[in-house]
Amino acid sequence: MKKIIVTVFIFVVFLTALGRAEELLGKCVGVADGDTCTILIAGNESRRIRFYGIDAPESGQDFGKKAKEYCSNLIFGKEIKVIGLDTDKYGRTVGKVYVDGKYVNLEMVKAGLAWHYAYYSPNEYDLADAEKEARRNKLGLWIQPNPMEPREYRRSNNHQMVPVDRTKIKIEGPFWVSKSGKIHNKYCEIWNKVKDKTLTNFPVGENCKACGGAGKRTEN
């Protein structure tokens with residue numbers, strides 16, 4: 001009986017998520033960089049798209065131009081499908097982009113021309129695996145010994161850090177546990193710099209002081 005209830009619950013959550021998604025069909029008329037484009041949909045309406053789950057190098061970074069060129073070759077001038085999942089603070093539709101049967105977000109990461117943006121999409125394991133494979137094979141930007149993440153690049157150029165107000169968020173999993181036993185959550189500014197870490201929903205260890213880790217859910 002419990003299994004049936006759990007299955008029904010998961011199915012309902014899945015349907016709810018689908019209900020929030022927006023499917024867009026349109027022609028790509030512009031590519032700003034490796035993770036942003038513009039499409040024209042029905043009625044000649046222009047929509048800016050930010051690729052969900054990935055972060056490509058900025059134009060001023062190494063491989064920034066290469067990422068834009070690669071993305072352009074994939075989608076510019078073509079009819080693409082976007083599964084819109086959210087809208088960011090700039091009014092862009094954040095979504096999954098498809099063209100010619102390919103998942104473009106994933107293709108960018110597989111080519112070594114974008115990071116898996118785990119900060120906002122921790123459960124996108126296909127993107128995470130693709131990044132690991134690109135790193136292992138030193139593809140694209142991974143030929144560099146220590147490439148800077150675009151998020152860090154943007155901060156360094158703005159000369160300021162934007163702290164997360166943790167009094168307004170609920171700490172939820174999954175969490176990352178470092179080899180030393182420190183627990184980090186998805187709002188952490190440190191976890192992505194940790195090389196050896198494990199993803200889990202049931203963390204055991206010491207909470208990171210910067211992000212609060214798993215809060216009271218931690219068992220020391």
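Here's a quick tour of this protein, from its overall make-up down to a few salt bridges. Keep in mind that the model is predicted. The chain folds into five helices and 12 strands, and buried residues make up 42% of its 220 residues. Among contacts with a separation of 6 or more, 56% link residues 24 or more positions apart. On the outside, the protein exposes about 13400 Å², with carbon and sulfur atoms supplying 54% of that.

**Hairpins at the start**

- Strand E1 (residues 22–33) and strand E2 (residues 36–41) run antiparallel and pair over five bridges.
- Just two residues sit between E1 and E2, and the two strands form a hairpin.
- To find one of the bridges, look at Gly30, whose partner in E2 is Thr38.
- E2 also pairs with strand E3 (residues 45–51), again antiparallel, through six bridges.
- Ile39 and Arg47 of E3 are bridge partners here.
- The E2–E3 hairpin has three residues between its strands, and Gly43 there takes a positive phi near 85 degrees.

**The largest nonpolar core**

- This core has 28 residues, and the ones with the most contacts inside it are Cys37, Ile39, Phe51, Ile75, Ile80 and Met108.
- Plenty of elements chip in: E1, E2, E3, helix H2 (64–75), strand E5 (79–87), strand E6 (93–99), helix H3 (104–110) and helix H4 (125–136) each give at least two residues.
- Phe51 is a good place to start looking, as its contacts beyond four places in sequence include Cys37, Cys71, Ile75, Val97 and Val104.
- Phe51 also touches Gly34, Asp35 and Thr36.

**A four-stranded sheet**

- Further along the chain there's an open sheet with the strand order E11-E9-E10-E12 and mixed pairing.
- Its edges are strand E11 (197–200) and strand E12 (206–207), each pairing on one side only.
- Strand E9 (residues 175–178) pairs with E11 in the antiparallel sense, over four bridges.
- One of the pairs to look up is Phe175 with its bridge partner Thr200 in E11.

**Around His116**

- His116 belongs to strand E8 (residues 115–116).
- Its relative accessibility is 10%, so His116 counts as buried, the cut-off being under 20%.
- Beyond four places in sequence, His116 touches Gly53, Val109, Ser121, Glu124, Leu127, Ala128 and Glu131.
- Two of those neighbours, Glu124 and Glu131, turn up again in the salt bridges below.

**Salt bridges**

- There are 13 salt bridges in the count.
- Glu124 forms one with Lys96, with the closest N and O atoms 3.6 Å apart.
- Glu124 is in the loop between E8 and H4 while Lys96 is in strand E6, so this pair ties together parts 28 residues apart in sequence.
- Both Glu124 and Lys96 are buried.
- Arg135 and Glu131 form another, their closest N and O atoms being 2.8 Å apart.
- These two are about one helical turn from each other, because Arg135 and Glu131 are four residues apart in helix H4.
- Arg135 counts as partly exposed at 40% relative accessibility, whereas Glu131 is buried at 11%.
- Glu152 pairs up with Arg155, with 3.5 Å between the closest N and O atoms.
- Glu152 and Arg155 are three residues apart in helix H5 (residues 150–158), so about one helical turn separates them.
- Glu152 and Arg155 are both buried.
- Finally, salt bridges with shared partners join Asp35, Arg50, Asp55, Glu58 and Arg154 into one network.

Conventions: Residues numbered from 1 in each chain as written. Predicted model: local features only at pLDDT ≥ 70, side-chain atom pairs only at ≥ 80, totals over all residues. Heavy atoms only, no water. Buried < 20%, exposed > 50% of the residue type's maximum accessible area, 1.4 Å probe, protein only. Contact = heavy atoms within 4.5 Å. Areas by Shrake-Rupley, 256 points an atom, 1.4 Å probe, with all protein chains shown as cover. Pairing = 2+ DSSP bridges. Core = buried A, V, L, I, M, F, W, Y, C linked by side-chain atoms within 4.5 Å. Salt bridge = Lys/Arg side-chain N within 4 Å of Asp/Glu carboxyl O.
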